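Open the model in your viewer and keep the sequence panel visible. The stops below go from the whole chain to single residues.

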Amino acid sequence: MTETTPASASVSASSCTPEPAPRPEPAAEGPFAACVLCQEPTEYPASAKGVTLCPVCEWQEAQRMSCSG
């Protein structure tokens, strides 16, 4: 009998960052979506689904989510 290994067993334990969420394409023209944190305009169209962040809040969120140490 052959044993099968779950796909999750091949994931590297040395990686502490989650897979980044897919980002919508930047809009060429407005209307632009408002940032969910500071309400400033983002580079994404108003029709973008999901959480939209302005470049400043996006950078700050990346800093909070990064690995420490």
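Among contacts between residues at least 6 apart in sequence, 9% join residues at least 24 apart. The model behind this figure is predicted.

**Whole chain.** Colour by secondary structure. There are one helix and two strands, and from the N terminus on the order is β-β-α. Switch to a surface display next: the accessible surface comes to about 5900 Å², and carbon and sulfur atoms account for 57% of that area. How much of the chain counts as buried? The share is 13% of the 69 residues.

**Strand E1 and Ala-34.** Select residues 32–34, which form strand E1. Ala-34 belongs to this strand. Is Ala-34 buried, partly exposed or exposed? Its relative accessible area is 37%, so Ala-34 is partly exposed; the partly exposed class lies between 20% and 50%. Now show what surrounds Ala-34. With neighbours within four places in sequence set aside, the contacts of Ala-34 are Gln-39, Glu-40, Thr-42 and Thr-52. Draw a C-alpha to C-alpha distance from Ala-34 to Thr-52: the viewer should give 7.0 Å, for a pair 18 residues apart in sequence.

**The loop after E1 and a nonpolar patch.** Move on to Val-36, in the loop between E1 and strand E2 (41–45). With a relative accessible area of 43%, Val-36 is partly exposed. Add Leu-37 and Val-51 to the selection and show the surface of the three residues. Val-36, Leu-37 and Val-51 make a nonpolar surface patch of about 290 Å².

**Helix H1 and the salt bridge.** Select residues 55–65, helix H1. How many salt bridges does a search of the whole structure find? The search finds one. Its partners are Glu-61 and Arg-64. Show both side chains as sticks and check the gap between them: the closest N and O atoms are 2.9 Å apart. Why does about one helical turn separate the two residues? Glu-61 and Arg-64 both lie in H1 and are three residues apart, which means a separation of about one helical turn.

Finally, compare the cover on each partner. Glu-61 has a relative accessible area of 29% and is therefore partly exposed. Arg-64, at 52% relative accessibility, counts as exposed, because the exposed class begins over 50%.

Conventions:
Residues are numbered from 1 along each chain as its sequence is written. This is a predicted model: local features need pLDDT of at least 70, side-chain atom pairs count only at pLDDT 80 or more; totals for chains, interfaces and linings use all residues. Side-chain values use heavy atoms; hydrogens and water are left out. Helices (H or I, at least four residues) and strands (E, at least two) are DSSP runs, numbered from the N terminus. Buried means under 20% relative accessible area, exposed over 50%, partly exposed in between (1.4 Å probe, protein chains only). Contact means heavy atoms within 4.5 Å. Patches are made of residues with over 30% relative accessible area and no salt bridge: like charges are joined within 9 Å, nonpolar side chains (Val, Leu, Ile, Met, Phe, Trp, Tyr) within 5 Å. Accessible areas come from the Shrake-Rupley method with a 1.4 Å probe; for residues, only the protein chains shown count as cover. A salt bridge is a side-chain nitrogen of Lys or Arg within 4 Å of a carboxyl oxygen of Asp or Glu.
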